[in-house]
Amino acid sequence: MKYKYAVVGAGAWGTAIANFLAKNNNDKVLIWAKENRLVDQINKYNRNDLFLPEINLEKNIIATNQIKDIIADYIFYVTPSQFFKKILIKHKKYIPKTAKVIICSKGIEINTGFMMSDIFESVLLKDNYFILSGPSFAKEVASGLPAALVIASIDIKESISLANIISKRNFRIYPSDDVAGVQLGGAIKNIYAIGAGIVKGLNYGENARAAFLTRCIAEMVKICDVMGGKKETIYGLSCIGDILLTCNSEKSRNFVLGKSLGEGKEIKNILTTNKTIAEGYFTTQAFFPILKKNKIDAPIMIGIYNILFNNFSLKTVVNSLLNRPVKNSEFD
């Protein structure tokens, strides 16, 4: 059976997107989940207590654990970034040729350094995809609270067309043709959210956090420029917009991970006790080789990498950043 809308991934964000689509359309919305018990709970009780508790889901959402069932005009991919390729390969032969695939996963593949669009093109040998990104906590979207996001494709006319189809009063969509920039903003901000959480956990104060985030944005501009994104995208919803949200709220998994580090907890213990994925952890690992290869000066990102993967103490990294030579310009 072919649906109009389908969602691959029943985590918090995937479920929120499915709920939004179901609420604003009369059509049934199909969602794929790997967990059998979650499929049963959605179908029997219209709930996802595993990833999106306290939300009663729309009754026209149907869950399945069979990827071959995901046949639709519009397919939203909302999987963890490190599993995106594996699931896409399994799904490949079932995706209709005319389907529009909207990639909502934020991250960089560790093994290849690929963005999600790179993976899509390498697996399907097509470019009929869109990138949906921006400041959006899942629970707020699922509750119908206002949010604004960006949708990007290589063809601005296609972006405009899809934005008009999806956009609603409380879910405003702005079109873009900067596929690289929109993805980079969504991925990189998760790294800096960990850093912002560390600053919070160390009780360095609001002045320090404002300075930290401003310098993070300066690094984002450098990275985006080198990797083919447009600088103006940095100042939009998918970059600064997402930073303002993710780096300032304990609703953010990445911020909470960093805050826990700042409070003295060990990374291994944090990762083993969390049931949901903090994408910034894996994106940091994926980005470090990219920085080295392209000789990008990004001391904050490198410092976060050293904390997470080289067992550097917070004190060592903080001292290294604070003792850097004074620059000739704020924008160097």
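Let me start with the aromatic rings: in this predicted model, a search of the whole structure turns up nine aromatic pairs. The one I would like to walk through is Tyr281 with Phe309, whose ring centres are 4.8 Å apart and whose planes meet at 40°; since an angle under 30 degrees would count as stacked and one over 60 as edge-to-face, this pair is classed as tilted. Tyr281 belongs to helix α13, residues 279-294, while Phe309 belongs to helix α14, so the contact ties together parts of the chain that are 28 residues apart in sequence. As for exposure, Tyr281 has a relative accessibility of 13% and therefore counts as buried, whereas Phe309, with a relative accessible area of 24%, is partly exposed. This pair also has company, because ring pairs link Tyr281, Phe282, Phe288, Tyr305 and Phe309 into a cluster. One further ring deserves a mention, although here the partner is a charge: Lys34 lies over the face of Phe83, at 5.9 Å from the ring centre.

Now to the pockets. The largest pocket has a volume of about 1,500 Å³, and of the 46 residues that line this pocket, Gly11, Ala12, Trp13, Arg253 and Thr276 are the closest to its centre. Which helices supply at least two residues each to that lining? They are α1 (12-23), α3 (84-91), α5 (138-142), α7 (179-201), α10 (237-246) and α11 (253-262). If you sort the lining of the largest pocket by class, you find 19 nonpolar, 13 polar and 14 charged residues. Both domains take part as well, in that at least three lining residues come from domain 1 (3-177) and at least three from domain 2 (181-323).

The second largest pocket has a volume of about 690 Å³. Its lining is made up of 27 residues, and those nearest the centre are Phe212, Arg215, Ile300, Leu321 and Leu322. Two or more lining residues come from each of α7, α8 (205-226), α14 (299-309) and α15 (314-322), with α8 giving the most, namely seven residues. By class, the lining of the second largest pocket has 19 nonpolar residues, two polar ones and six charged ones. You will notice that α7 appears here again, having already been named for the largest pocket, and that α14 is also the helix that carries Phe309 of our tilted pair.

Next come the enclosed spaces. How many cavities of 30 Å³ or more does the structure hold? The search finds two. The largest cavity contains about 60 Å³ of space, and among the 14 residues that line this cavity, Ser105, Lys106, Gly107, Ile131 and Gln183 lie nearest its centre. Strand β6 (129-133) and helix α7 are the elements that give two or more residues to the lining of the largest cavity. That lining divides into nine nonpolar residues, four polar ones and one charged residue, and domain 1 and domain 2 each contribute at least three residues to it.

The second largest cavity has a volume of about 30 Å³, and the residues that line it are Tyr5, Phe20, Leu21, Asn25, Ile165, Ile166 and Lys168. Here the elements giving two or more residues are α1 and α6 (156-166). By class, the lining of the second largest cavity has five nonpolar residues, one polar and one charged.

Let me finish with some individual residues, beginning with two backbone angles. Asn46, in the loop between α2 (36-45) and β3 (61-64), has a phi near 55°, which is a positive value in a residue other than glycine. Leu125, in the loop between α4 (116-124) and β6, likewise has a positive phi near 55° without being a glycine. Are these two residues buried or exposed? Asn46 has a relative accessible area of 16% and is buried, whereas Leu125, at 72% relative accessibility, counts as exposed.

The last residue is Lys315, which sits in helix α15, one of the helices that line the second largest pocket. Lys315 has a relative accessible area of 63%, and because the cut-off for exposed is over 50%, this lysine counts as exposed. Computed along the chain, so to speak, Lys315 and Thr233 are 82 residues apart in sequence, and their C-alpha atoms are 33 Å apart in space.

Technical notes:
Residues numbered from 1 in each chain as written. Predicted model: local features only at pLDDT ≥ 70, side-chain atom pairs only at ≥ 80, totals over all residues. Heavy atoms only, no water. 1 Å grid on protein atoms, 1.4 Å probe; cavity = no way out; pocket = protein on both sides within 12 Å on 5 of 7 lines; lining within 4 Å. Points joined across faces, edges and corners; volume = space filled by probe spheres on them. Helix = DSSP H or I, 4+ residues; strand = E, 2+ residues; numbered from the N terminus. Nonpolar A, V, L, I, M, F, W, Y, C, P; charged D, E, K, R; others polar. Domains from an automatic or database assignment. Phe/Tyr/Trp six-rings, centres within 6.5 Å; stacked < 30°, edge-to-face > 60°. Buried < 20%, exposed > 50% of the residue type's maximum accessible area, 1.4 Å probe, protein only. Lys NZ or Arg CZ within 6 Å of the ring centre and 35° of its normal.
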